[in-house]
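The exercises below ask you to read helix geometry, charge pairs and ring pairs from a single model. Work through each task before turning to its solution.

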Amino acid sequence: MQNQSKDPLHGVTLKAIVEKLVDFYGFDTLGELIPVKCFISNPSIKSSLTFLRKTDWARKKVEDLYIKSLPKFN
């Protein structure tokens, strides 16, 4: 019997989530969908990860957008 997690975030790193969202939406659209400075002002993957690791509410919004966008990625 396999115990597979039903959590779509299981085993997915924050870096992978941000990279996938940036590849799909780009920073401009991402900044419109989640208006935080790390996506709007001089955005980069590195600065976004630094901010999101410190800011739970923003990380939650990014994770929620990732889950909502999963069907679009295929």
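**Exercise 1.** Determine where glutamate 63 is placed, whether it is buried or exposed, and what it touches.

*Solution.* Glutamate 63 belongs to helix 4, where helices are DSSP runs of H or I with at least four residues, strands are runs of E with at least two, and both are numbered from the N terminus. With a relative accessible area of 18%, glutamate 63 is buried, given that buried means under 20%, exposed over 50% and partly exposed in between, for a 1.4 Å probe and protein chains only. Leaving out residues up to four places away in sequence, glutamate 63 touches Leu9 and Ile17, a contact being heavy atoms within 4.5 Å.

The model is predicted, so local features need pLDDT of at least 70 and side-chain atom pairs count only at pLDDT 80 or more, while totals for chains, interfaces and linings use all residues. Residues are numbered from 1 along each chain as its sequence is written, and side-chain values use heavy atoms, with hydrogens and water left out.

**Exercise 2.** Describe the span of helix 4, its kink and the packing of its buried residues.

*Solution.* Begin with the span: helix 4 covers residues 56-73, which is 18 residues, and reaches 24 Å from its first C-alpha to its last, close to the 26 Å expected, where the expected span is 1.5 Å times one less than the number of residues. Next, locate the kink of about 35° at isoleucine 67, shortly before proline 71; the bend is the angle between axes fitted to the seven residues ending at a residue and the seven starting there. Finally, list the buried residues of helix 4, among them Val62, Glu63, Leu65 and Tyr66, and note that the buried residues pack against helix 1 (14-33), helix 2 (37-40) and helix 3 (45-54).

**Exercise 3.** Find how many salt bridges there are, and characterise the partners of each.

*Solution.* Side chains of opposite charge can pair when their charged atoms come close. Taking a salt bridge as a side-chain nitrogen of Lys or Arg within 4 Å of a carboxyl oxygen of Asp or Glu, the count comes to three.

- Glutamate 63 meets arginine 59 at 2.9 Å, N to O; both lie in helix 4, four residues apart, about one turn of the helix. Arginine 59, at 29% relative accessibility, is partly exposed, whereas glutamate 63, at 18%, is buried.
- Aspartate 64 and lysine 60 have their closest N and O atoms 2.9 Å apart, and they too are four residues apart in helix 4. Aspartate 64 is partly exposed at 36%, as is lysine 60 at 46%.
- Glutamate 19 pairs with lysine 15, with 3.9 Å between the closest N and O atoms, and both lie in helix 1, four residues apart. Glutamate 19 is partly exposed at 32%, and lysine 15 is partly exposed at 42%.

**Exercise 4.** Establish how many aromatic pairs there are, and which residues the ring pairs link into a cluster.

*Solution.* Rings of Phe, Tyr and Trp (its six-membered ring) pair if their centres lie within 6.5 Å, with planes under 30 degrees apart counted as stacked, over 60 as edge-to-face and the rest as tilted. By this rule there are five aromatic pairs. One of them joins phenylalanine 24 and tyrosine 25, edge-to-face at 4.8 Å centre to centre with 90° between the planes. Phenylalanine 24 is partly exposed at 40%, while tyrosine 25 is buried at 17%. The rings of phenylalanine 51 and tryptophan 57 have centres 6.4 Å apart and planes at 85°, so this pair is edge-to-face. Lastly, ring pairs link Phe24, Tyr25, Tyr66 and Phe73 into a cluster.
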